[in-house]
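I opened this one to go through a few helices, the ligand site and some single residues. My entries are below the model.

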Amino acid sequence: MRAVITGATKGIGWEITKGLVQRGYDVAICARNSLLLQKRKESLLSINPNVAIIAEAVDVSNKQAVINFAQKIKTEWNELNVLINNAGVFLPGQIHEEEDGILEKQIETNLYSAYHITRGLLPIMLPLKNGLIINMCSIASIMAYPNGGSYSISKFALLGFSKVLREELKPQGIKVTSVLPGATWSDSWAGVDLPYERLIETLDIAKVVLSLLDLSDSAVVEEILVRPQLGDL
Ligand SMILES: NC(=O)c1ccc[n+]([C@@H]2O[C@H](COP(=O)([O-])OP(=O)(O)OC[C@H]3O[C@@H](n4cnc5c(N)ncnc54)[C@H](OP(=O)(O)O)[C@@H]3O)[C@@H](O)[C@H]2O)c1
């Protein structure tokens, strides 16, 4: 079995990637920092030396780079079972005062990346007549909150993309799941003065995502909403 995970070196993506490798999946991973990518590749091989790993430095906000990444995967693999559109950037702000270009940056990273890689990789998923695409949306995909700004716009759009894809791929046997985490410990929250138990652990999101792989072909989880036990921040 084979999986592609974008933004796989840290946070939620890293936790999911480790779980997939533990389950014996070959993985193709990307992120911008190539040094960390190399370290992650070594860690993954120490978890399971029997898997194949493609690790590529890619800035997913760059359309051509995403298309090239998909192309590279297709030259090495002729089949793909799981695609996880996880890479994303959170730049807090308010529409009326955030810097020019912040909307574009987050739309490119959080939305267009998923659109282009999905289009690039579907040709090696469709012939299988099964498979799973997971889009890492957010609580910000369904509600506006202070300082959500353009991030929230991009995540509303990603949820829209995910719903459209679900309808389109229903008859093709490919499942599409939108995951909507609330505040989850990651670099985005580094330095925040809150008790550890106030936020979700990345491992919890990974456990929920990996459980999707255990379902039969006849059932799809369309949306998963995970909140901190004490509610949103
Ligand atoms: N943490 C939360 O509270 C939370 C809540 C809801 C939804 N989410 C969503 O969950 C996803 C993962 O978030 P996270 O909190 O786990 O993030 P994170 O810890 O900051 O990790 C982000 C990952 O994506 C990569 N990445 C970021 N920008 C990229 C780019 N332009 N091109 C390629 N890779 C890129 C990073 O590596 P490099 O920096 O090396 O590129 C890293 O591997 C995101 O889509 C985020 O919006 C997070």
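These are my notes, in the order I looked things up.

**Before starting.** I kept in mind that this is a predicted model.

**Entry 1, helix 1.** I began with helix 1, which covers residues 11-22. Its twelve residues should span 16 Å at 1.5 Å a residue, and I got 17 Å between the end C-alpha atoms, which agrees. Then I asked myself: how many of the twelve residues of helix 1 are buried? Nine are, so helix 1 is largely enclosed by the rest of the structure. I wrote down the buried ones: I12, G13, W14, E15, I16, T17, G19, L20 and V21. After helix 1 comes G24, and I noted its positive phi, near 90 degrees.

**Entry 2, N48.** G24 turned up again when I checked N48, which sits in the loop between helix 2 (34-47) and strand 3. Is N48 buried or exposed? I found a relative accessibility of 12%, and the cut-off for buried is under 20%, so N48 counts as buried. Leaving aside neighbours within four places in sequence, N48 is in contact with V21 and G24. I also saw the N48 side chain reach the backbone nitrogen of N50 at 2.9 Å.

**Entry 3, helix 3.** Next I took helix 3, residues 63-76. It has 14 residues and reaches 21 Å from first C-alpha to last, close to the 20 Å expected at 1.5 Å a residue. Which residues of helix 3 are buried? My list reads V66, F69, A70 and I73. They cover an arc of only 95 degrees around the axis, which puts them on the same side of helix 3. That fits the textbook picture: an α-helix has 3.6 residues a turn, so residues three or four places apart point the same way. For the cover over these buried residues, I noted strand 1 (2-6), strand 2 (26-31), strand 3 (53-57) and helix 4 (102-121) among the elements included. At the start of helix 3, I found a side-chain oxygen of N62 within 3.0 Å of the backbone nitrogen of Q64.

**Entry 4, R119.** Since helix 4 had come up, I looked at R119, which lies in it. R119 is exposed, with a relative accessible area of 54%. I also checked R119 against Q71: they are 48 residues apart along the chain, and their C-alpha atoms are separated by 11 Å.

**Entry 5, the ligand.** How many residues surround the ligand? I got 28, and the closest are T9, R32, N86, Y151 and S186. Then I went through some polar pairs. A polar side-chain atom of T9 lies 2.7 Å from a ligand oxygen. For Y151, a polar side-chain atom is also 2.7 Å from an oxygen atom of the ligand. K10 uses its backbone: a polar atom there is 3.3 Å from a ligand oxygen. Taken alone the ligand exposes 880 Å², and the protein buries 93% of that.

**Entry 6, T177.** Last, I picked T177 in strand 6 (residues 174-181). T177 counts as buried, at 1% relative accessibility. What does its side chain reach? I found a polar atom of the T177 side chain 2.7 Å from the backbone oxygen of V221. Setting aside neighbours within four places in sequence, I listed the contacts of T177 as L132, I133, I134, N135, S162, L212, V220, V221, E222 and I224. So V221 appears in my notes twice, as the polar partner of T177 and among its contacts, by the cut-off of heavy atoms within 4.5 Å.

Notes:
Residues are numbered from 1 along each chain as its sequence is written. This is a predicted model: local features need pLDDT of at least 70, side-chain atom pairs count only at pLDDT 80 or more; totals for chains, interfaces and linings use all residues. Side-chain values use heavy atoms; hydrogens and water are left out. The expected span of a helix is 1.5 Å times one less than its number of residues. Buried means under 20% relative accessible area, exposed over 50%, partly exposed in between (1.4 Å probe, protein chains only). The arc is that of the directions from the helix axis to the C-beta atoms. A polar contact is a pair of N or O atoms within 3.5 Å; within protein, one must be able to donate a hydrogen and the other to accept it, and residues adjacent in sequence count only if both atoms are side-chain atoms. A residue is near a molecule or strand if one of its heavy atoms lies within 4 Å of it. Accessible areas come from the Shrake-Rupley method with a 1.4 Å probe; for residues, only the protein chains shown count as cover.
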